[in-house]
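Please read the following alongside the sequence and the coordinates, which are shown just below. The account begins at one turn and then widens to the strands and the core around that turn.

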Amino acid sequence: MKKHFLTKSAVMAAALMGAVSLAACGGSKDTAAGTYTLTTVGAEGMTMDVAQMAEAMGMDEDSMKVALELKDGGELVLSGGSQMFGSDTLEGTWEAGDGTVDLTIDGDTITCELKDGVITLEENDTSMVFEK
């Protein structure tokens, strides 16, 4: 009986340690996962929200909506915005760092700032802001 109690205690302690280590390792990746919506786009010194951009292009605002979904497990889906990306859906992977998230689509990776539920993608003279 004493042996059974020790074995049971050891198993429970190992399970507890495993749960704690998984929670500790989750870190920024857990906080990054979720769905983000494109709110603003900047280019050539100008910044527009999605409604302004749609109006300037003579399009319906709904056709300009873009969602960036960062799934648990490191997969991403960029959907909508066929007018900007030429496709309704792009798939890839993501990996969170300390205040950053790397987005990889078709082998190209861009490192974005991740702060307070906002992803800011900047490349060349263009920026895109996605909010959770």
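In this predicted model, strands E8 and E9 form a hairpin that leaves two residues between them, and in the turn Asn124 has a positive phi of about 55°. The two strands, of which E9 covers residues 126–131, run antiparallel and are joined by six bridges. Among the facing residues of this pair, Glu123 stands opposite Thr126 in E9, and Ile119 stands opposite Phe130, also in E9.

On the other side of the sequence of E8 comes a second hairpin, formed by E7 and E8, again with two residues between the strands, where Asp116 in the turn has a positive phi of about 50°. Strand E7, made up of residues 108–115, pairs with E8 in the antiparallel sense over three bridges. One of the residues taking part is Glu113, whose bridge partner in E8 is Thr120.

Thr120 is a useful place to pause, since this residue lies in strand E8, which spans residues 118–123. Is Thr120 buried or exposed? Its relative accessible area is 16%, and because residues under 20% are classed as buried, Thr120 counts as buried. Apart from its neighbours within four places in sequence, Thr120 is in contact with Cys112, Glu113, Met128 and Val129. Of these contacts, Glu113 is also the bridge partner of Thr120.

Strand E9 has a further pairing, with strand E1 (residues 34–43), to which six bridges join it in an antiparallel arrangement. Within this pair, Gly42 has Ser127 in E9 as its bridge partner. E9 therefore pairs with E8 as well as with E1, if pairing is taken to require at least two bridges between the strands.

Ile119 and Phe130, which stand opposite each other, reappear in the largest nonpolar core, a group of 25 residues in which the most contacts are made by Leu68, Leu70, Trp94, Leu103, Ile119 and Phe130. Leu68, when residues up to four places away in sequence are not counted, touches Gly34, Thr35, Tyr36, Leu76, Val77, Leu78, Leu103, Ile119 and Phe130.

A contrasting position is Gly107, which is placed in the loop between strand E6 (100–105) and E7. With a relative accessibility of 66%, Gly107 counts as exposed. The C-alpha atom of Gly107 is separated by 8.3 Å from that of Gly92, although the two residues are 15 residues apart along the chain.

Taken as a whole, the protein has three helices and nine strands, and from the N terminus its elements follow the order α-β-β-α-β-β-α-β-β-β-β-β. Of its 132 residues, 27% are buried. When contacts between residues at least 6 apart in sequence are considered, 38% join residues at least 24 apart. The protein exposes about 8600 Å², of which carbon and sulfur atoms supply 54%.

Technical notes: Residues numbered from 1 in each chain as written. Predicted model: local features only at pLDDT ≥ 70, side-chain atom pairs only at ≥ 80, totals over all residues. Heavy atoms only, no water. Helix = DSSP H or I, 4+ residues; strand = E, 2+ residues; numbered from the N terminus. Buried < 20%, exposed > 50% of the residue type's maximum accessible area, 1.4 Å probe, protein only. Contact = heavy atoms within 4.5 Å. Areas by Shrake-Rupley, 256 points an atom, 1.4 Å probe, with all protein chains shown as cover. Core = buried A, V, L, I, M, F, W, Y, C linked by side-chain atoms within 4.5 Å.
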